[in-house]
Amino acid sequence: MLALSIKDVRKSYGKVQALDGVSFDIKQGEFFGLLGPNGAGKTTLISTMAGLSRPDSGKIEVMGHDVEKDFRIARRQLGVVPQELVFDPFFTVRETLRFQSGYFGLRNNDDWIDEIMANLDLTNKADSNMRSLSGGMKRRVLVAQALVHRPPVIILDEPTSGLDPISLIRFKDLIQAEKAKGKTILITSHIMSFVEEVSDEIVFLLEGKIYFKGTINELKTKTNQPDFERAIASILTENHA
């Protein structure tokens, strides 16, 4: 069974074709990079995977469950960190994570909540109100929310935004530990060194279409560039000349 299966997904907003026949699969246990410039369709694709936006056509399955026909089951398979800082200002960090557990029917989940908070350096903020946190700490809470129900597939949309260097190291260690447990991870990030370090494969989107799918070494060969950042730069230069 595939972790994610995306088949000919199309989505438009008026005259703008955000996704134009996107198709690819992600195997279970894979660390996958979803790359592309701003406006390429990355966040739109993630929204359709999470069932937050309905595609005009095509099919998406999460762990074999159709995101439209089996929405509730498919959604339980996903932990999603959105690009935007979305939070309830009236709850503490611990309350936020307990409520998130409750959304997925999990009770007595405090041991795992404590472990996640420790790994994300949030323990000393457990009883702090969400609105009192810095942007980087709010980002860490979003990561914790995505992990709290132990989903087999984790989708991270620019999760490193606003993280300081120490928090970035802790975050990297945490998601590597999740991958070691067999979790499938899809990540978008503009930090190419980070993507290169963690990704097994990547998909590069341009104007809603797949420009490339494969390993980073295969991309370097395709673009005839010696390193990953230069390979990405050459794609953008070639397509905006």
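Begin by selecting residues 57-62, which form strand β4, and then add β5, because in this predicted model the two strands run antiparallel and are joined by 2 bridges. Within this pair, colour valine 62 and look across to β5, where its bridge partner is histidine 65.

Next, widen the selection to the whole sheet around this pair, which is an open sheet of 4 strands in the order β2-β1-β4-β5, with antiparallel pairing. The edges are formed by β2 (16-26) and β5 (65-66), each of which pairs on one side only. Now show residues 42-49, helix α1, which packs on this sheet and touches β1 (4-13), β2 and β4; viewed against β2, the direction of helix α1 makes an angle of about 60° with that of the strand.

From here, move to the other sheet, an open one of 6 strands whose order is β6-β7-β8-β3-β9-β10 and whose pairing is mixed. Its edge strands are β6 (78-81) and β10 (209-214), and each pairs on one side only. If direction is ignored, neighbouring strands of this sheet are turned by 15° against each other on average.

Inside this sheet, select residues 153-157 for strand β7 and residues 184-188 for strand β8, which pair in the parallel sense over 5 bridges. One place to stop is aspartate 157, whose bridge partner in β8 is threonine 188.

Finish with residues 228-239, helix α9, which packs on the 6-stranded sheet and touches β3 (31-35), β9 (201-206) and β10. Set beside β9, helix α9 has a direction that makes about 20° with that of the strand.

Definitions and conventions. Residues are numbered from 1 along each chain as its sequence is written. This is a predicted model: local features need pLDDT of at least 70, side-chain atom pairs count only at pLDDT 80 or more; totals for chains, interfaces and linings use all residues. Side-chain values use heavy atoms; hydrogens and water are left out. Two strands pair if DSSP finds at least two bridges between them. Contact means heavy atoms within 4.5 Å. Axes are lines fitted to C-alpha atoms, for helices over the stretch in contact, and angles run from 0 to 180 degrees between N-to-C directions.
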